[in-house]
Amino acid sequence: AERLAPKRSLAGRHALVTAGPTHEPIDPVRYIANRSSGRQGYAIAAALAARGARVTLVSGPTALTAPPGVDRIDVETAREMLAACEAALPADIAVLTAAVADWRAAHEAGRKLKKRPGETPEPLPLALNPDILAHLSAPGPNRPALVVGFAAETDDLLRNAAAKLDRKGCDWIVANDVADGNGIMGGDHNEVHLLTRDGTETWPRLPKNDVANCLADRIAARFAP
Ligand code: CTP
Ligand code: CA
């Protein structure tokens, strides 16, 4: 029976996971967003819960249902996502997979903007959104012991991902190549590299659920007594 019992290697740990896109309103009917199905993040939330962690999943708008046993908090904007993450602390582990919109409209219009046929539209002023990964990685009493970021790149994958590890102050980066036509975005599989302070590992192309399980096993090993 011992042998068949599920792995509870993260029992007693709290994991915070972000997933999905954020939507940044322009007016009541339009928004700015990134492409993200949320699948990789939801799979990671499920894998951590299966290992006994208490999981808080802060999710932007997706078509997915929360994995069993996972506490999902729905948000729309980057600023809401940051506030929900901060409210969920303390956590031992943070895995930030969300495709956060880097910019929002500087002024959200309360009424629908009307197009004027034949006229060039005004430029849309943008404001920079908060960087949730950088916020959660900053030193302080509430910093999770392990902060994992993601880096989706179309060019210079490993160089850009290594630069993100340094710039954001997180502990690990999961880097994936989302070049057009490789089927990663919105697909079932993912092909990732795990960058830590000790070096880079390249994992084979795997179903997103398997990537999630491998990452959860690595996280469990990091917390093993
Ligand atoms: N991230 C975040 N908050 C943001 C932007 C990004 O938490 N406002 C997180 C993502 O969830 C991901 C990591 O930071 O874990 C890297 O996101 P990415 O968009 O690749 O990096 P950026 O620093 O935004 O750089 P750029 O988009 O210019 O490549
Ligand atoms: Ca970005």
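Which residue has a backbone N or O atom that lies 2.7 Å from an oxygen atom of ligand 1? In this predicted model, that residue is Ala98, and the views below take up the surroundings of ligand 1 and then the calcium site.

**Close-up 1. Backbone contacts of ligand 1 in the predicted model.** Ala98 places a backbone N or O atom 2.7 Å from an oxygen atom of ligand 1, and an oxygen atom of the ligand likewise has a backbone N or O atom of Leu133 at 2.8 Å. Pro130 contributes a polar backbone atom that is 2.8 Å from a nitrogen atom of ligand 1. Of the 570 Å² of accessible area that ligand 1 has on its own, 77% is covered by the protein.

**Close-up 2. The pocket and the residue shell around ligand 1.** Ligand 1 takes up the space of the largest pocket, and the elements that each give two or more residues to the shell around it are α3 (132-137), β9 (146-153) and α4 (157-168). There are 14 residues around the ligand, of which Leu96, Ala98, Pro130, Lys164 and Lys168 come nearest. Sorted by class, this shell consists of eight nonpolar residues, five charged residues and one polar residue.

**Close-up 3. The calcium ion (ligand 2) and its protein donors.** Both of the protein donors listed for the calcium ion are OD atoms of Asp102, and they lie 2.4 to 2.6 Å from the ion. Asp102 itself is found in the loop between β6 (93-96) and β7 (103-105).

Key
Residues numbered from 1 in each chain as written. Chains lettered and ligands numbered in written order. Predicted model: local features only at pLDDT ≥ 70, side-chain atom pairs only at ≥ 80, totals over all residues. Heavy atoms only, no water. Near = heavy atom within 4 Å. Polar contact = N/O pair within 3.5 Å; in protein donor to acceptor, adjacent residues only side chain to side chain. Areas by Shrake-Rupley, 256 points an atom, 1.4 Å probe, with all protein chains shown as cover. 1 Å grid on protein atoms, 1.4 Å probe; cavity = no way out; pocket = protein on both sides within 12 Å on 5 of 7 lines; lining within 4 Å. Sits in = over half its atoms within 2 Å of the grid points. Helix = DSSP H or I, 4+ residues; strand = E, 2+ residues; numbered from the N terminus. Nonpolar A, V, L, I, M, F, W, Y, C, P; charged D, E, K, R; others polar. Donors = N, O, S within 2.8 Å, 3.2 Å for Na, K, Ca; no water.
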